Amino acid sequence: MREVDLTQLEVAMQRGATVVDVREPMEYVQAHVPGAVPIPMGQLSARLGELDKGSSVLVICATGNRSSAMTDLLTTAGYDAFNVAGGTMAWLRSGRAVASGLR
C-alpha cells in the first residue's frame with residue numbers, strides 16, 4: 001500500500017488530487033480536511049463511479065486504519081490511491097485548518 005504524509009497530502013491537493021474521507025458522516029461533520037469528499041467506508045465500493053481514475057485519490061479516516069483498507073480496495077479497482085498516514089487526527093494535531101459541517 002502506498003502512503004503519503006500530511007505535507008505530501010497538501011501538495012497533492014494543490015495539484016488537484018481528490019481526498020476521500022471514509023469516516024462516518026457524524027465524524028466528518030465534526031471536523032475534516034478542507035475539500036475532502038465524504039464517502040463512508042461502507043459505501044465506497046458502491047460509489048467508485050464517482051471517482052476519477054485519471055487523477056490521484058488520497059484516502060483519509062481518523063487514524064489511518066480504515067483508509068488503509070479502502071486504499072487497497074481502490075488500488076485493486078485500478079485507481080491511483082494513497083493512504084494518508086495518521087489520518088484526520090494527525091491533521092488536527094498539526095494545527096492545519098479544518099472544516100466542519102457538510103463541506
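In what order do the five strands form the open sheet? The order is S1-S5-S4-S2-S3, and the pairing is parallel. The legends below go through this predicted model view by view.

**View 1. The whole chain: four helices and five strands.** Along the sequence, the elements follow the pattern β-α-β-α-β-β-α-β-α. The C-alpha atoms fill a box of roughly 35 × 25 × 20 Å along the principal axes. A compact globule of 103 residues would have a radius of gyration near 13 Å; the chain has 12 Å, which agrees. Of the 103 residues, 42% count as buried. Take the contacts between residues at least 6 apart in sequence: 66% of them join residues at least 24 apart.

**View 2. The surface and charges of the chain.** The accessible surface comes to about 5200 Å². Carbon and sulfur atoms hold 54% of that surface. The chain carries 9 positive and 10 negative charges. Their mean positions are 2 Å apart.

**View 3. The open sheet and its edges.** Five strands line up as S1-S5-S4-S2-S3, with parallel pairing. Strand S1 (3-4) and strand S3 (37-38) are the edge strands. Each of these two pairs on one side only.

**View 4. Edge strand S1 against S5.** S1 pairs with strand S5 (residues 81-84) in the parallel sense. Two bridges make up this pairing. Glu 3 has Asn 83 of S5 as its bridge partner. Val 4 stands opposite Val 84, also in S5.

**View 5. S4 beside S5.** How many bridges pair S4 with S5? There are three, and the two strands run in the parallel sense. Val 57 stands opposite Ala 81 of S5. Val 59 has Asn 83 of S5 as its bridge partner. Asn 83 is also the bridge partner of Glu 3. This residue of S5 therefore appears in both views, with Val 59 here and with Glu 3 in the view before.

**View 6. S2 between S4 and S3.** Strand S2 (residues 18-21) runs parallel to strand S4 (residues 57-60), and four bridges join them. Asp 21 stands opposite Ile 60 of S4. With S3, S2 pairs in the parallel sense over two bridges. There, Val 20 stands opposite Val 37.

**View 7. The two faces of S4 and of S5.** Both faces of S4 are covered. Val 57 and Val 59 lie on one side, Leu 58 and Ile 60 on the other, and all are buried. In S5, Ala 81 and Asn 83 point one way. Phe 82 and Val 84 point the other way. All four of these S5 residues are buried.

**View 8. Ala 31, a buried loop residue.** Ala 31 lies in the loop between helix H2 (25-30) and S3. Is Ala 31 buried or exposed? Its relative accessible area is 14%, under the 20% limit, so Ala 31 counts as buried. Leaving aside residues up to four places away in sequence, Ala 31 touches Arg 23, Thr 88, Leu 92 and Ala 99. Val 98 is 67 residues from Ala 31 along the chain, yet their C-alpha atoms are separated by 6.1 Å.

**View 9. Asp 72, a partly exposed helix residue.** Asp 72 sits in helix H3 (residues 65-76). Its relative accessible area is 37%. That value falls between the 20% and 50% limits, so Asp 72 counts as partly exposed. Asp 72 and Leu 92 are 20 residues apart along the chain. Their C-alpha atoms are separated by 24 Å. Leu 92 is also one of the residues that Ala 31 touches.

Conventions: Residues are numbered from 1 along each chain as its sequence is written. This is a predicted model: local features need pLDDT of at least 70, side-chain atom pairs count only at pLDDT 80 or more; totals for chains, interfaces and linings use all residues. Side-chain values use heavy atoms; hydrogens and water are left out. Buried means under 20% relative accessible area, exposed over 50%, partly exposed in between (1.4 Å probe, protein chains only). The radius of gyration is taken over C-alpha atoms; the globule rule is 2.2 Å times the number of residues to the power 0.38. Contact means heavy atoms within 4.5 Å. Accessible areas come from the Shrake-Rupley method with a 1.4 Å probe; for residues, only the protein chains shown count as cover. Lys and Arg count as positive and Asp and Glu as negative; His and the chain ends are not counted. The place of a charge is taken as NZ of Lys, CZ of Arg, CG of Asp or CD of Glu. Two strands pair if DSSP finds at least two bridges between them.
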